[in-house]
Each structure stands twice: as C-alpha cells, then as structure tokens.
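This report looks at a single protein chain through its charged contacts, one of its helices and its surface. The sequence and the structure are shown first.

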Amino acid sequence: MKSPTEGKVEDCLLNKVDLRCRRISQAVEEVQKVIHHLTTEISHQDFRFQAVLYSDTYNENIKVLAPSQFLITVPVKGLSGYKEASKQHWRYYSLQGARLSCPLREPEDLQQWLEVEQFMKSLWQWHEADVTIEGDIVPAKVLQVFRKLVENAITNCHLSGKVSMLADRTAVWVAMETSTGQVELELAPTVEIPTAWSKKARWPRCLKRWPSPERVEYIKSFGFHLLACSNYYWQLSFFRAEKVLLELLDEDGGCRRKCFRVMRQLKEEVWCPGRRPVITSHHLQTVLFWTCEKYPHFKDWQVFSKAFLRLARKLHKCVSQHLLKHYFVRKSNLLRGASSSELDAVAQKLTAFLRNPQISLA
C-alpha cells in the first residue's frame with residue numbers, strides 16, 4: 001500500500017497538478033480573448049456594462065470553478081458611493097411589475113436587495129424601467145437586457161461558430177469551443193463595492209487566531225461584489241478577499257496550498273469528475289479556509305500527508321452532512337440546493353479513500 005507521503009506518489013500528483021495548470025491556462029487564455037471581444041462590443045451598445053480587460057497575467061474577472069466551468073464577472077459602471085440600505089421594507093411586485101397580494105420573501109444570507117438610492121452617484125440609465133422596479137435594481141431585468149446584448153455581440157463579432165447561448169437558465173450562460181475542449185461560461189453582471197465590507201459578513205469570529213487581526217483588516221479592505229445571477233436578489237461574492245487570503249496562506253512555509261492543489265486534482269479526477277460537478281474549486285477553497293482557521297499553527301502544516309488527510313476528512317464531513325458554511329457569511333450553506341444523490345456519491349468515494357488512502361498512479 002502506498003501512502004500520500006511517498007515521494008513517487010507525491011511527485012506524480014504534482015506533475016498532474018502542473019499539467020492541469022497548463023491546460024487550464026491555455027483555456028483561460030482563449031476564453032479571455034473572446035470575452036474581451038464580446039464585452040467590448042457590449043459596452044459599445046450599452047454604456048452600463050464594462051469590457052472585461054485582457055490581461056497577460058491573472059485576470060480577476062475569470063474564475064475557474066472546474067476545468068469546463070468558468071464564472072465571468074462583467075463589471076457594471078455608473079454606480080458608485082455604495083451605502084447599506086437605511087431601512088427595510090416589504091416588496092410586493094412581480095418581475096412583470098404587477099402588484100402581489102403577499103410580499104416577496106426576504107433575501108437569504110448570501111443575497112440582498114439593491115436600491116438605486118444606495119449609491120451616492122448613479123447614471124440616469126440605472127433609473128430606467130428596463131432594469132428597475134419601484135426603485136430596486138432587479139437582477140432578472142438586468143439579465144434580460146444583458147442576455148440580448150450577449151446574443152447580439154456573438155453575431156456582430158462573428159463568433160457564432162465558436163460561442164453559443166445556453167437556454168433555459170436564469171443566469172446568462174454560453175458554451176465556447178477551445179483547443180482543450182468545450183467550456184461553459186456564466187457571464188454575471190457585477191457591481192463592485194470596493195469601499196465597504198458587507199454587514200452580512202460577520203467575520204472573523206471572536207477569539208480566532210487565524211488570520212491575524214492585521215490580516216483581517218487588510219482582507220476586508222478589498223470589499224465585496226454583487227452578482228446578477230437570479231431573479232430578485234443580488235448574490236454576494238468576496239472573490240478578491242478570498243484570493244488575497246489564499247495568497248497569504250503559506251507565509252510561514254507550510255503546505256496548505258500544496259494540499260489544496262492536490263485535493264483539487266483528486267476531486268476532478270476521482271471524487272467528483274464531470275462537466276458540471278456538484279463540488280467546485282470554490283467549495284474546496286472554503287473547506288481549506290475553515291481547516292486553516294481550526295489548525296492555525298505552522299506545525300499543523302509541516303507534514304504533507306497528515307495535513308492532506310485532515311483536509312480530506314473535513315471535505316468528507318461537509319459532503320456527508322450536505323453542509324458547508326460560507327467562510328465569510330457563516331449562516332449560508334454553500335451546498336444548499338445541491339443534488340443529494342450527487343453529494344452522497346462523492347461522500348462514498350471519499351469514504352473509500354479515507355479507509356485506504358492510496359492514490360492510483362495509472
């Protein structure tokens with residue numbers, strides 16, 4: 001039996017990780033060229049949407065959730081000076097503007113309403129009826145406008161043979177052919193809030209030793225984002241803060257990021273493969289953050305085999321219980337709404353791995 005500590009196994013895994021990185025980098029390079037082309041055309045047609053800039057290095061607007069599943073955040077402009085809503089009130093409107101007899105339910109923990117008046121400065125176009133109802137900027141209406149713009153941009157940019165719309169989804173999804181295979185992209189109009197930290201993110205918890213108070217303030221300074229990907233509610237995202245937290249993990253020389261990369265490789269190859277996996281890289285990253293908080297010391301991350309199995313056990317627990325708390329918004333379960341049967345299948349594979357933690361070299 002070979003354990004994850006054996007040099008041959010570890011070297012083989014890291015070679016696979018490197019191969020994955022090169023393959024993903026190639027796909028990202030092709031995707032960002034097309035996305036830059038499309039969003040430049042979109043911004044010419046509607047000033048409210050910004051072009052996603054091309055980058056020779058890291059592109060913060062492209063998130064790889066799985067090898068064939070990307071999230072593209074498309075910044076909106078004309079909204080600045082964000083402040084939290086001063087008071088709450090019931091909403092009685094439908095997406096068609098009709099008056100409802102009962103109010104809409106309140107947003108969940110990782111969601112919120114968004115009113116035009118929450119911005120100190122806003123272009124008059126954001127007050128128009130094509131994106132607002134009763135003073136709210138409504139994601140479904142923004143997506144309706146944006147979807148039409150994407151459709152037109154695909155035609156105008158002569159990309160119909162390479163990019164196609166995916167139907168029957170609330171959010172805007174496209175399929176794109178790359179040299180490494182087809183990838184599916186969610187294009188999410190995104191409001192950047194760089195000057196504030198969401199009051200829903202009650203982080204960190206008291207008496208936690210990781211990260212340090214200085215790091216906490218630095219991470220919070222990156223603010224948050226609001227994504228249009230559902231009907232009534234804007235989705236909170238903290239990808240800048242998460243990226244910084246991930247980058248700072250191994251300042252003490254530990255093996256946290258190495259454990260994460262190997263876990264991601266096994267997830268994609270063995271535990272949860274497929275084009276639309278129920279567990280994404282963001283889930284794994286969240287598992288890593290919770291484990292780092294529980295085990296904050298360098299000594300806990302010196303030995304790869306022990307640290308990796310600790311991380312795998314945490315993932316197994318979350319998947320088995322169908323419960324993974326968002327790292328910044330703890331009341332939100334990232335596995336809520338996920339397929340129970342798919343989660344149970346992943347849990348079974350993890351159970352088998354943890355009983356006999358050997359890794360195939362085939």
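The sections below treat the salt bridges, then helix α2, and then the charged surface of this predicted model.

## Salt bridges across the chain

The count of salt bridges comes to 19, and two of the pairs described here link distant parts of the chain. R48 forms a salt bridge with D130, with the closest N and O atoms 2.8 Å apart. This pair joins the loop between α1 and β1 (62–66), where R48 lies, to the loop between β5 (119–122) and β6 (132–133), where D130 lies, across 82 residues of sequence. R48 counts as buried because its relative accessibility is 4%, under the cut-off of 20%, whereas D130, at 30%, counts as partly exposed.

A second pair is formed by E60 and R240, whose closest N and O atoms are 2.6 Å apart. E60 is placed in the loop between α1 and β1, while R240 belongs to helix α4 (residues 239–247), so that the two partners, linked as distant parts of the chain, are 180 residues apart. R240 is buried, with a relative accessible area of 18%, and E60 is partly exposed, with 26%. Salt bridges that share partners also join D46, R48 and D130 into one network.

## A salt bridge within helix α1

The side chains of K33 and E29 meet in a salt bridge, at 3.7 Å from N to O. Both residues lie in helix α1 (residues 7–45), 4 residues apart, which is about one turn of the helix. An α-helix has 3.6 residues a turn, so residues three or four places apart point the same way. K33 counts as partly exposed at 48% relative accessibility, and E29 likewise counts as partly exposed at 25%.

## Helix α2

Helix α2 (residues 139–156) has 18 residues, and the 25 Å from its first C-alpha to its last is close to the 26 Å expected at 1.5 Å a residue. Its buried residues include P139, K141, L143, F146, L149 and I154. The helix is followed by H158, whose phi is positive, near 60°.

From I154 to E269 the C-alpha distance is 33 Å, with their positions 115 residues apart in sequence. E269 is found in helix α5 (residues 256–271) and, at 39% relative accessibility, counts as partly exposed.

## Positive charge on the surface

Which residues gather in a patch of positive charge on the surface? They are K199, R202, K325, R330 and K331. Among them, R330 has its place in the loop between α7 (304–321) and α8 (340–355), and counts as partly exposed at 34% relative accessibility.

Notes:
Residues are numbered from 1 along each chain as its sequence is written. This is a predicted model: local features need pLDDT of at least 70, side-chain atom pairs count only at pLDDT 80 or more; totals for chains, interfaces and linings use all residues. Side-chain values use heavy atoms; hydrogens and water are left out. Patches are made of residues with over 30% relative accessible area and no salt bridge: like charges are joined within 9 Å, nonpolar side chains (Val, Leu, Ile, Met, Phe, Trp, Tyr) within 5 Å. Accessible areas come from the Shrake-Rupley method with a 1.4 Å probe; for residues, only the protein chains shown count as cover. A salt bridge is a side-chain nitrogen of Lys or Arg within 4 Å of a carboxyl oxygen of Asp or Glu. Lys and Arg count as positive and Asp and Glu as negative; His and the chain ends are not counted. The place of a charge is taken as NZ of Lys, CZ of Arg, CG of Asp or CD of Glu. Buried means under 20% relative accessible area, exposed over 50%, partly exposed in between (1.4 Å probe, protein chains only). The expected span of a helix is 1.5 Å times one less than its number of residues.
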